[in-house]
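Reader: Before I trust any label on a model, I like to see the number behind it. Can you walk me through a few of them?

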Amino acid sequence: MNRQQKGFTIIEVVLFVAISALLTSALLVGVGAGVSRQQYKDAVQSFAAFLRDEYSKVINVENDRKPGKCPLVVADGGTPTNRGQSDCVVVGRYIATLEDSGGVDGRAYRSWPVYGYKSGDRWSYTLGSESNDYNVGWGAKTKLSNQHHNAARIAILMYRHPESGQLAVRTHAGKYNDATIANFFENKDENGNAYSANTHTQKREICVYDNGWMIGERLSVFLSPHAGSSSAISVNPASEECRRG
């Protein structure tokens with residue numbers, strides 16, 4: 001008795017291969033998107049952790065008498081004084097974006113200690129020479145909500161007032177240095193021009209985004225102007241302005 005052998009036709013094989021390829025492609029895209037989302041979230045959390053660590057240095061500031069003179073005392077022509085003595089103390093941290101040939105894309109930051117020096121009844125401020133660098137991970141970039149890409153000049157001042165003990169966080173789209181950091185304390189830009197102080201009474205948003213503006217949840221790091229702990233820095237869904245940007 002003759003048996004008829006059954007099998008797949010060429011059309012069925014081609015359809016099977018095509019469907020398998022589509023399913024594999026969709027799976028790879030989904031996995032890739034998932035990895036990208038996780039990398040983005042990791043970058044946001046890492047950036048927030050960097051700012052919290054800087055803020056904790058302000059909350060738990062160490063004004064011991066380590067070697068290294070207060071630069072303001074030397075600049076004033078007085079006798080060099082070690083940190084921790086009554087006329088020269090560490091009051092906070094200054095954090096700023098770094099520039100490169102392509103502009104300021106908010107990927108790299110540098111932080112410095114801020115010294116306060118009291119002369120008579122007046123406090124003046126300057127930056128310490130030691131610094132720390134930080135790079136936002138996974139190719140993510142940062143900017144203030146009203147800034148354009150590659151124009152993300154961000155200055156952050158975290159300090160404890162040397163007499164009142166009040167903690168404060170300030171941000172500005174500027175760039176200060178050793179000679180101009182005192183302007184930041186007085187609501188002035190790096191050129192000494194006054195600007196609206198209401199930015200110091202409102203929570204400030206730093207947008208965190210990736211190169212391709214991946215579709216999905218956008219997150220931002222928010223800085224409260226006053227807080228007694230590292231809770232001053234939080235991660236929350238981005239504002240509409242950040243999502244559009």
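Author: Here is a predicted model, and what follows takes its labels one at a time.

Reader: Start broad. What makes up the secondary structure of the protein chain?

Author: The count is 4 helices and 10 strands. Going along the sequence, you read α-α-β-β-β-β-β-β-β-α-β-β-β-α. The chain has 245 residues, and 41% of them count as buried. For contacts between residues at least 6 apart in sequence, 56% link residues at least 24 apart.

Reader: How do you know that Cys207 and Cys242 are joined by a disulfide?

Author: Look at the sulfurs: they sit 1.7 Å apart, S to S, and the cut-off is within 2.5 Å. So the pair passes the distance test and is called a disulfide. A search through the whole structure turns up 1 disulfide.

Reader: And why is the disulfide of Cys207 and Cys242 called left-handed?

Author: That comes from the torsion about the S-S bond, which is about -70°, so the label is left-handed.

Reader: Which parts does the Cys207 and Cys242 pair tie together?

Author: Cys207 belongs to strand S8 (residues 204-209) and Cys242 to helix H4 (residues 240-244), so the link connects parts that are 35 residues apart in sequence.

Reader: Are those two cysteines, Cys207 and Cys242, buried or exposed?

Author: Buried means under 20% relative accessible area. Cys207 comes in at 1% and Cys242 at 3%, so both get the buried label.

Reader: S8 also shows up in a sheet. What makes strands S5 and S10 the edges there?

Author: The sheet is an open one of 4 strands, ordered S5-S8-S9-S10 with antiparallel pairing. S5 (141-144) and S10 (233-237) each have a single partner strand, so each has one side with no neighbour in the sheet. From one strand to the next, the twist averages 30°.

Reader: How do you know that S9 and S10 pair?

Author: Two strands need at least two bridges to count as paired. Strand S9 (residues 219-223) and S10 have 5 bridges, in the antiparallel sense, so they qualify. As one example, Phe222 has Ser234 in S10 as its bridge partner.

Reader: What makes S7 a mostly covered strand?

Author: In strand S7 (residues 167-172), 6 of 6 residues are buried. Side chains of a regular strand alternate between the two faces of the sheet. In S7, one side carries Leu167, Val169 and Thr171 and the other carries Ala168, Arg170 and His172, all of them buried, which is how both faces come to be covered.

Reader: Which strand pairs with S7 over 6 bridges?

Author: That's strand S6 (residues 155-160), running antiparallel to S7. Arg160 stands opposite Leu167 in S7. S6 and S7 make a hairpin with 6 residues between them, and Gly165 in the turn has a positive phi of about 80°.

Reader: What is notable about the phi of Trp138?

Author: Most residues other than glycine have a negative phi. Trp138 isn't a glycine, yet its phi is positive, near 55°. You'll find Trp138 in the loop between strand S4 (132-135) and S5. With 57% relative accessibility, Trp138 is called exposed, because the label starts over 50%. Asn187 also has a positive phi without being a glycine, at about 60°, and sits in the loop between H3 and S8.

Reader: Why is Asp53 called partly exposed?

Author: Its relative accessibility is 40%, and that falls between the 20% and 50% limits, so partly exposed is the label. Asp53 lies in helix H1 (residues 10-59). Asp53 and Ile233 are 180 residues apart in sequence, with 9.9 Å between their C-alpha atoms.

Reader: Last one: how do you know that the charged end of Arg218 sits over the ring of Tyr40?

Author: The charged end of Arg218 is 4.5 Å from the ring centre of Tyr40, and the distance limit is within 6 Å. The rule also asks for an angle within 35 degrees of the ring normal, and the pair is listed as sitting over the ring. On the ring-to-ring side, there are 10 aromatic pairs, and Phe47, Phe50, Tyr109 and Tyr134 form one aromatic cluster.

Methods
Residues are numbered from 1 along each chain as its sequence is written. This is a predicted model: local features need pLDDT of at least 70, side-chain atom pairs count only at pLDDT 80 or more; totals for chains, interfaces and linings use all residues. Side-chain values use heavy atoms; hydrogens and water are left out. Rings of Phe, Tyr and Trp (its six-membered ring) pair if their centres lie within 6.5 Å; planes under 30 degrees apart count as stacked, over 60 as edge-to-face and the rest as tilted. Helices (H or I, at least four residues) and strands (E, at least two) are DSSP runs, numbered from the N terminus. Buried means under 20% relative accessible area, exposed over 50%, partly exposed in between (1.4 Å probe, protein chains only). Axes are lines fitted to C-alpha atoms, for helices over the stretch in contact, and angles run from 0 to 180 degrees between N-to-C directions. Contact means heavy atoms within 4.5 Å.
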